[in-house]
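The following exercises practise the reading of a protein model. Attempt each task before studying its solution.

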Amino acid sequence: MQPAGFDLARYNVRLDSETDFPGWRDAARRLALNEVSPEDISWHVAADSDQPPSDLPAVPGGKQLVVPREFIGHAETAFCHSDPTRFAFLYRLLWRLRTEPRLLAIASDPDTRRLEAMEKAVRRDSHKMRAFVRFRKIGDGDEERYVAWFEPDHFIVERNADFFVRRFTGMRWTILTPHASADWNGERLAIGPGAARSDAPAQDDTESLWRTYFENIFNPARLKVKAMQKEMPKKYWRNLPEASLIPDLIAGADKAATAMIARMPTTPAPHHAKVQAKHWPTREPAVMGDGAHTISELREAAKGCRRCPLWRDATQTVFGEGPDDARVVFVGEQPGDQEDLAGKPFVGPAGKVFDAILDDAGVDRQKVYVTNAVKHFKFEPRGKRRIHSKPNAGEVQACRWWIDRELALIMPDLAVALGATAALSLLGKAIPVTKMRGQVIEREDGLRVFVTIHPSFILRIHEPADKDAERERFLHDMRQVKRLMTA
Amino acid sequence: MSALTVHEKLAILSDAAKYDASCASSGSAKRDSLKSGGIGSTEGMGICHSYAPDGRCISLLKILLTNFCIYDCSYCINRSSSNVRRARFTVDEVVKLTMDFYRRNYIEGLFLSSGVIRSPDETMGEMVEVARRLRLDEKFGGYIHLKTIPECSQELVEKAGLYADRLSINVELPTDEGVKKLAPEKKPETIRLSMARLRRKMEEKAEPTLRTKKRERFAPGGQSTQMIVGADRTSDDGILHTSARLYGSYHLRRVYYSAFSPIPDSSSSLPLQKPPLLREHRLYQADWLMRFYGFSQPEILAGSSDGMLDLAIDPKLAWALRNRGQFPVDINRADREALLRVPGLGTQVVAKILETRRHRRMRLEDLGRVCQSIAKLRPFIIAEGWSPGALTDKAGLRDKIVRSCEQLSLF
């Protein structure tokens, strides 16, 4: 509603400059609160208008303009666009937002799309300015300054200047553009009037180094001119010292690439034989597992194990660890994520549980030998995680070759099968672990095998009471193992 | 031999570095020079300061410290048997070049790699010294990427991580057999161990220390790697399998695929042909499917006859055509996961659909306004007023889409 007696003629709003967002914001607020519809307003910038500005109506007492919070941010960005109709457009959006507060969320609305497109253009231009400004150095020592000439599409110098301050804090620089300039003297940023290209220095010696780099980093075998021009449109070229090289590089590329392919391989460089002899003497043949007399020799031999395909995806063989003369050997299933990285068994979450319980049971981990039925980590990648997969019977069978030799060298009194896979490996057949838990089975070769669960089973229980109970049972098992050790 | 000028060295040592695909300067910690009064910043998004006519972005000064090398990897221009001209930068020269270029806003920072001379530790030591000098003497806050030499000592890795934003170790080829054949002196086992070592170090340093409760700096931009595509006969399925393994095992930020490019003075054991750029592009798209679109690696090529990505169409479209039973998807009802699997719908468009449809039911025209083209997706969706009917299961669908997309294609 218009106040009584108020003239309904068009309003001429005069903004101080192309980037006078506060001026626009103030005028828009007054006009919108006075219900002045978009078609009744004409927007101008002081410099290019002799139209006398209208007196704007005051904000009616007690009234508030409610627009979505994010609108101001969007409008401020779009305001930097060079489109002369942007002031009116943004007012129209504001006008619509009063009755359609969700408008900005409707990506398919033409006004929302236009706002988005304008913002995108401004952001792109800002980004390209950060990319394509080229400073030239003038003066030396205390007089050293860096000056650039740049021609942006939109009014972005003000909003972009802080970036250059953050980046080039330690030098004195000036960026000149047709609309505005930014100057940093090492302490203070000043925004000044526009300038001309001739105000900037005409050359800088370092540019020839930069051109050398540009020429040589280019790979003529991969010519993709369109991709280059999409990101570095020709309009920027005249202010880029490297751009004048482009036509010749393109013209010569095909020839250069063909020449590269056509050139026959030459004989090796003269120093090659000497380098080979010095650094890569013929390697001694790898140690075979068969000839290993100690656990450390066996471990060395297992590094190159190819008895099953699991080595392909794993980082390394995770061999057993512990003294050669341990009285008891604990056998787990396979290394997990952490064990695969560290190359040591039982160092991951299950290993920590295992360690703590052994400690509670009074078993000294330093005196026991721990190993796994399968010595490479089997997993399926899921993004940045590796999901444990159960080794199959073939893999367990292949890896028994190592377990057998570990046991033969250590000759323990007792082996502890932690879980079904370990039991399968030690006993040669699948057994129901939960049912046979706590039992000692004597193998044909006389080795006693104590059967229990794998400590990771405890980790998988969610219910705290059940978890505690399971931990207690496992502790009970470990105490039994300790008694068997001393028996 | 007369001493080379910096110009000549730069020409040789940037030429030698151009086969490394990575030029990324993004994803590191935010940092600026306001406090230090020095030079340089990283603000998350990297900036490409120029583009070469090969369409590749130039973000970093990508050079080798030296192209003398004791390794003889047949795909590499710097292998010891190559007759390429050799040069070696001093630490001073690299520091000065980096600062001179950075001050003029040519670059985001430095990507330093090197041929291995004498010993891995000696070479790595010099690279770390460059990074140290930049950070401490020059108060340089820009981006530093160091190519890590797998065999170097733990102490040097620690130091490298202290000064660098990103560390990388190239796996070189998708299979160990490939490495053994083409890079006989390189040990795939050592490369894996080094990547594992980096992941552990990064995880260890991500924990606040007991004493100061602060996190120590260690390669905030993570680790990455590069694989050469087309130098051996590994299928795309095999390549993606290796990538999935590397992402899962070593938490890489990126795996770069580098189409094998013929090099001057090439070895006779390699294919002499133009680099398979389109294949490289399709691999990147498939890599994206694994990382941002919820695809597991085996899914991407399941059901294909040869384990190779279709060069004519993008991998998601190819997957959809093989899995038509999962379509059409109702864009007004389907969850995010299902929408992400629709060919032609990217993560940003999906976000817009999810937001818009809270306020209005979307028609085909609405969709046309938020995404680039609906030619590809019409057969796969249901929208208000649109159902593809028998189109989804039509026999010649692939060719039809290929034809309608041809004009839109980047290639």
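**Exercise 1. Pairing within a sheet**

Determine in which sense strands S4 and S5 of chain A pair, parallel or antiparallel, and place them in their sheet.

Solution. This is a predicted model.

Step 1. Strand S4 (residues 145-149) of chain A and strand S5 (residues 173-176) of chain A are joined by 4 bridges, and the sense of their pairing is parallel. Strands of a sheet pair through backbone hydrogen bonds, in either a parallel or an antiparallel manner.

Step 2. One such bridge can be located by residue: Ala148(A) has Ile175(A), in S5(A), as its bridge partner.

Step 3. The sheet of chain A is open and holds 5 strands in the order S3-S4-S5-S6-S7, with mixed pairing. Its edge strands are S3 (136-138) and S7 (189-193) of chain A, each of which pairs on one side only. From one strand to the next, the twist averages 20°.

Step 4. Helix H5 (residues 157-167) of chain A lies across S5, S6 (180-184) and S7 of chain A, and runs at about 20° to S6(A).

**Exercise 2. Overall dimensions**

Compare the radius of gyration of each chain with the value for a compact globule.

Solution.

Step 1. Begin with chain B, which contains 14 helices and 10 strands. For 411 residues, a compact globule would have a radius of gyration near 22 Å; chain B has 24 Å, so the value agrees. The C-alpha atoms of chain B fill a box of roughly 75 × 55 × 40 Å along the principal axes.

Step 2. Turn to chain A, with 17 helices and 14 strands. A compact globule of 487 residues would have a radius of gyration near 23 Å, but the value for chain A is 38 Å. The C-alpha trace of chain A spans about 110 × 75 × 45 Å along its principal axes.

**Exercise 3. The contact between the chains**

State how many residues each chain gives to the contact, and describe the side of chain B.

Solution.

Step 1. Chain B gives 77 residues and chain A gives 67 residues.

Step 2. On the side of chain B that touches chain A, the largest share, 6 residues, comes from helix H6 (residues 188-206) of chain B.

Step 3. Sorted by class, this side of chain B has 27 nonpolar, 27 polar and 23 charged residues.

**Exercise 4. Backbone exceptions**

Identify what is notable in the peptide bond from Phe327(B) to Pro328(B) and in the phi of Phe346(A).

Solution.

Step 1. Recall the rule: most residues other than glycine have a negative phi, and most peptide bonds are trans.

Step 2. The bond from Phe327(B) to Pro328(B) is cis, with omega near 0°. Pro328(B) lies in the loop between helix H10 (315-322) and strand S9 (329-330) of chain B.

Step 3. Phe346(A), a residue other than glycine, has a positive phi, near 55°. Phe346(A) belongs to the loop between helix H11 (337-342) and helix H12 (349-361) of chain A.

**Exercise 5. Confidence**

Find where in chain A the pLDDT is below 50, and which elements of chain B have the lowest and the highest mean pLDDT.

Solution.

Step 1. Chain A has a mean pLDDT of 92, with 96% of its residues at 70 or more. The pLDDT is below 50 over residues 1-9 of chain A, a stretch with 4 contacts beyond near neighbours in sequence. Where pLDDT is low, predicted coordinates should not be read in detail.

Step 2. Chain B has a mean pLDDT of 91, and 97% of its residues reach 70 or more. Among its elements, helix H14 (residues 397-405) of chain B has the lowest mean, 81, and helix H2 (residues 91-103) of chain B the highest, 98.

Step 3. For the model, the scores are ipTM 0.92 and pTM 0.91.

Technical notes: Residues are numbered from 1 along each chain as its sequence is written. Chains are lettered from A and ligands numbered from 1 in the order in which they are written. This is a predicted model: local features need pLDDT of at least 70, side-chain atom pairs count only at pLDDT 80 or more; totals for chains, interfaces and linings use all residues. Two residues are in contact if their C-beta atoms, placed from the backbone, lie within 7 Å. Helices (H or I, at least four residues) and strands (E, at least two) are DSSP runs, numbered from the N terminus. Ala, Val, Leu, Ile, Met, Phe, Trp, Tyr, Cys and Pro count as nonpolar, Asp, Glu, Lys and Arg as charged, and the others, Gly among them, as polar. Two strands pair if DSSP finds at least two bridges between them. Axes are lines fitted to C-alpha atoms, for helices over the stretch in contact, and angles run from 0 to 180 degrees between N-to-C directions. pLDDT is the predictor's confidence in each residue, from 0 to 100. The radius of gyration is taken over C-alpha atoms; the globule rule is 2.2 Å times the number of residues to the power 0.38.
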